[in-house]
Amino acid sequence: MKTVTENLMDPKGSIEKLNNTSAQKVNILMVDDHPENLLALEAVLTSPNYNLISAHSGKEALKCMLQHDFAVILLDVQMPGLNGFDTAKLIKAREKTKNIPIIFITAISQDMEHVHQGYSVGAIDYIFKPFAPETLKKKIEQFVKIHQNHQETIIQTDLGHLLELNKVNKRLDRTTLNLRRTEALSRAVSETITDTIVTFDTQGCILSVNPAVTRMFGYEAKELMEKHVLTLFPKWEDEVLFDSSRSFLSTIRQSVGKIIEVMAGRKDQSYFYADLLIASTNIEDEQIFVCTIRDVTERKQIEEVKKQRFHNLEHIVQERTLELTKANLKLQKEVEERKRMADTLFRSQERFRKIFESSPCLMAILSQKDLTFMEVNTSWTNFIGYSCDELIHQKINSNHFIDEATETYIDLNKKSRNKKIRYETKKGEVRSGLLSTELIDIHSEPCLLVVLTDITDRVHLENEMYRLDRLNLIGEMAAGIAHEIRNPMTTVQGFLQLSRNKVGNLSTDFIDLMLEELKRANSIITEFLNLAKNKISLKKKQNLNAIIEALFPLIQAEALRSNKQLKLDLANCPDISLDEKEIRQLILNIALNGLDAMTSNGNLTIKTYKDKETVVLQIKDEGQGINQEVLSKLGTPFFTTKETGTGLGLAICYSVAKRHDAQIEIETGDEGTTFSVRFQLIPSVTNV
């Protein structure tokens, strides 16, 4: 490496050598088996710039090719042994000589066939004897110029590469020198610095330490090699090992770049305060940590002294503050008097602000000029769904407020008093409310105060009470007429059964038909009787999941019959007070309705779970959902959408739920309908 560097550091000698090479004579090879022809060629081509070399055969020419570099070759075609064509083929087959131009000279055959053969083996030209000396001389001069230009190009290219290599070598030498200086400086710093420097790998294994470790910790460097870095920090080791949620590596990585104050342990089991700074680097694709440890015991002692001085100074400040407090007492009374007056005004404004913000009614202040929002209270944002930032300076959409009496949009510019309306929220939910508007002035600007009282829950409660009133009325009717109807039906049924065994005017088909109709009428009356308010429920503590699992084969068979699937998702639920027969009827009614609502390959899911103080039974189908008109009439006796239904199934479900102090909730949409029955863990007193 040193020899190569020294050679490259002397480019002048190399350049001079290249220039001398370009100044040498150009070699020209003349090949002919007749000496007189060679003399003729030499007489024509003699020049101080040419070095003419003669060969008397093809073999001799090939030997000359091994000894010299030629600019051009004059080759006779007809020669004994290797003729001109064979010699040319061998010259062109050699990598070093394949680009040398060859001129064939012949005096025998001038046929085009031989000429083509000469060109095919790599000839540049074909000259016939006797030739014109000047023509041959000019051709040779041109080939020589081409050769010289090619040589100069090669020389310039080599010279450029040589200069570039020289620059790279100089940079390499400078880099090597800088690296040696850096290593020497790093070694000097490591040996003279008072801080301990430790390097370790991702496993915590110590790779190296500087001499300062002996002064600071009392260990020799070789004692710590391949030991765990936490050997130097016993108390920190206890913390890391105690927290099993974090590994050593994750703890170290989280500490990279941060100064950590730890208790370091010396070899003699004594401890001292130290600042720890960890850095990370990668060496040959392996992560290495560099840890700098600084003894801060003196700093801690100085801090304690400062704390004591600060405590003393704080005591002095407290004494002087007491004096200033007494001196400023009179001034404070005057300030308080002025502040009292300002507070009175502020409380007045704040009182109105709290009334506006805390009102359960939806309140908004609009600019009368363009109906844009100026202020909205919390109730407005909670019910409507838009945030305050989304509404302020935006125009109110009057199309979201519809008068229920006229089914027209509300004109907010007109004063209103408790007008019953429907309004739409951000999520598209339609709710009910009472709208009042009032014209007010704020800072001389005409404004509109909009007050909206949400009555959606009240409307829902009124509808529910109306449905329950109808249910109670039908229940009372059922209790009153069921007994009177059943007695004659029992007599007729018994009579027909006796008459069926005797030969009479009525055929058995007619009698069977009457019995079937009476049985159907009795079934309707039995279901109607289940609506009775005073029906006695035989409740006992039992598990809802056990009832569902007992019904599973029956519902599964009905589902498979119509090419549908039944899925159970039963969570652990506590026992509750249930009438098993009534709950079985409730589950069957809702489940069979769900199966009827779905097409083939639909899934019916029965789910139970505990939600706070309730046990929830959830039955979900994948039908087309229930429209709003039908949804409002669900549970009304004798209302049905089925061709053969009695309209008592859901009415009985609501009656059973009421006797069990349970609530039925319905969620419906395009993806199906979900019936949720919530049973209280602690039933109310009126339903026990």
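Reader: Before I look at anything else, what counts as a helix or a strand here?
Author: Helices (H or I, at least four residues) and strands (E, at least two) are DSSP runs, numbered from the N terminus. By that rule the protein chain has 21 helices and 24 strands. This is a predicted model, in which local features need pLDDT of at least 70 and side-chain atom pairs count only at pLDDT 80 or more, while totals for chains, interfaces and linings use all residues. Residues are numbered from 1 along each chain as its sequence is written, and side-chain values use heavy atoms, with hydrogens and water left out.

Reader: OK, and what share of the residues is buried?
Author: Of the 688 residues in the protein chain, 34% count as buried, where buried means under 20% relative accessible area, exposed over 50% and partly exposed in between, with a 1.4 Å probe and protein chains only.

Reader: Let's go to helix H4, then; which of its residues are buried?
Author: Gly58, Ala61, Cys64 and Met65 are buried in H4, which covers residues 58–67. Seen down the helix axis, these buried residues fall within an arc of 115°, so they line one face of H4; the arc is that of the directions from the helix axis to the C-beta atoms.

Reader: Why would residues that are not next to each other share a face?
Author: An α-helix has 3.6 residues a turn, so residues three or four places apart point the same way.

Reader: And what do the buried residues of H4 pack against?
Author: They pack against strand S1 (26–31), strand S2 (50–55), strand S3 (72–76) and helix H5 (84–93), with contact meaning heavy atoms within 4.5 Å. The face of H4 turned away from its buried side carries the exposed residues Lys59, Lys63, Leu66 and Gln67.

Reader: Changing topic, how many aromatic pairs are there?
Author: The structure holds 4 aromatic pairs. Rings of Phe, Tyr and Trp (its six-membered ring) pair if their centres lie within 6.5 Å, and planes under 30 degrees apart count as stacked, over 60 as edge-to-face and the rest as tilted. Trp380 and Phe401 form a tilted pair, with 6.4 Å centre to centre and 40° between the planes. Trp380 lies in helix H14 (residues 378–384) and Phe401 in strand S13 (residues 401–403), so this pair ties together parts that are 21 residues apart in sequence.

Reader: Are those two rings buried or exposed?
Author: Trp380 is buried, at a relative accessible area of 1%, and Phe401 is buried as well, at 5%. Ring pairs also link Phe373 with Trp380 and Phe401 in a cluster.

Reader: What about S8 and S9, how do they run?
Author: Strand S8 (residues 259–265) and strand S9 (residues 271–283) run antiparallel and are joined by 7 bridges; two strands pair if DSSP finds at least two bridges between them. Gly265 has Tyr271 of S9 as its bridge partner. The two strands form a hairpin with 5 residues between them, and Gln269 in the turn has a positive phi of about 70°.

Reader: Which other residues have a positive phi without being glycine?
Author: Glu407, with phi near 55°, is one of them, and Lys612, with phi of about 60°, is another. Glu407 is in the loop between S13 and strand S14 (408–409) and counts as partly exposed, at 47% relative accessibility. Lys612 lies in the loop between strand S21 (603–611) and strand S22 (614–620), and Lys612 is exposed, with a relative accessible area of 68%.
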